[in-house]
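Student: I would like to go through this structure by its rings, cores and strands. Please show me the sequence and the model.

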Amino acid sequence: QLGDAFESLAAQWLKDKGLTIIQRNYRCKAGEIDLIARDDSTLVFVEVRARSNPRYATAAASVDRRKQHRLLRTAQHYLCSHPKTADLPCRFDVIAIEPRQFPAHTAVRWIRSAFTG
């Protein structure tokens, strides 16, 4: 449930920045993509990560090579399953949510083109 709340927060945050959310929680055997959006003519695959305990790696740092590889494979599956989007330029963004001392002051960090395929 907490993950859904952070994904909803990220989706609304991206909408406020002018992106259009196309799909949430795209799943296939390769993995899952939290949000798929359009930023003008670019298709954006978004990984939403949150950390509530500052003792561990940051939310952004948790998107390691293994996670990136799964996201790439899942995005490839999406593009093959949705041929109308296959010719669009794509990028992979990360929305890192780092709750601060007070929950009302949650910090959202948008990392555009966080990694490439």
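Tutor: What follows is a set of short questions, each with a worked answer.

Student: What kind of model is this, and how are residues numbered?

Tutor: Residues are numbered from 1 along each chain as its sequence is written, and side-chain values use heavy atoms, with hydrogens and water left out. This is a predicted model: local features need pLDDT of at least 70, side-chain atom pairs count only at pLDDT 80 or more, and totals for chains, interfaces and linings use all residues.

Student: How many strands form the sheet, and in what order?

Tutor: Strands (E, at least two residues) and helices (H or I, at least four) are DSSP runs, numbered from the N terminus. Two strands pair if DSSP finds at least two bridges between them. The sheet is open and its pairing is mixed. It has 5 strands, in the order β1-β2-β3-β4-β5.

Student: Which strands stand at the edges?

Tutor: An edge strand here has a single partner, so one side of it is left without a neighbour in the sheet. That holds for β1 and β5 (107-115).

Student: Which residue in β5 stands opposite I97?

Tutor: β4 and β5 pair in the antiparallel sense over 6 bridges. Opposite I97 stands V108.

Student: How many aromatic pairs are there?

Tutor: Rings of Phe, Tyr and Trp (its six-membered ring) pair if their centres lie within 6.5 Å. Planes under 30 degrees apart count as stacked, over 60 as edge-to-face and the rest as tilted. By this rule the count is 5.

Student: What is the angle between the planes of Y26 and Y78?

Tutor: The two ring centres are 5.0 Å apart, and the pair is edge-to-face. Y26 is in strand β1 (residues 20-28) and Y78 in helix α2 (residues 65-81), 52 residues apart. The angle between the planes is 90°.

Student: How many residues apart in sequence are the parts that F45 and Y78 tie together?

Tutor: This pair is also edge-to-face, at 5.9 Å centre to centre and 80° between the planes. F45 lies in strand β3 (residues 42-50) and Y78 in helix α2, so the pair ties together parts of the chain. The separation is 33 residues.

Student: Is F45 buried or exposed?

Tutor: Buried means under 20% relative accessible area, exposed over 50%, and partly exposed in between (1.4 Å probe, protein chains only). The relative accessible area of F45 is 2%. F45 is therefore buried.

Student: Why does K67 count as buried?

Tutor: K67 is in helix α2. Leaving aside neighbours within four places in sequence, K67 is in contact (heavy atoms within 4.5 Å) with E32, E47 and R49. K67 counts as buried because its relative accessibility is 12%.

Student: Which element gives the most to the largest nonpolar core?

Tutor: A nonpolar core is a set of buried Ala, Val, Leu, Ile, Met, Phe, Trp, Tyr and Cys residues joined through side-chain atoms within 4.5 Å. The largest has 16 residues, and those with the most contacts inside it include I33, L71 and Y78. With 4 residues, the top contributor is α2.

Student: How far is the charged end of R112 from the ring centre of W110?

Tutor: A charge sits over a ring if NZ of Lys or CZ of Arg is within 6 Å of the ring centre and within 35 degrees of the ring normal. K17 lies over the face of W13, at 4.7 Å from the ring centre. The charged end of R112 sits over the ring of W110, and its distance from the centre is 3.9 Å.
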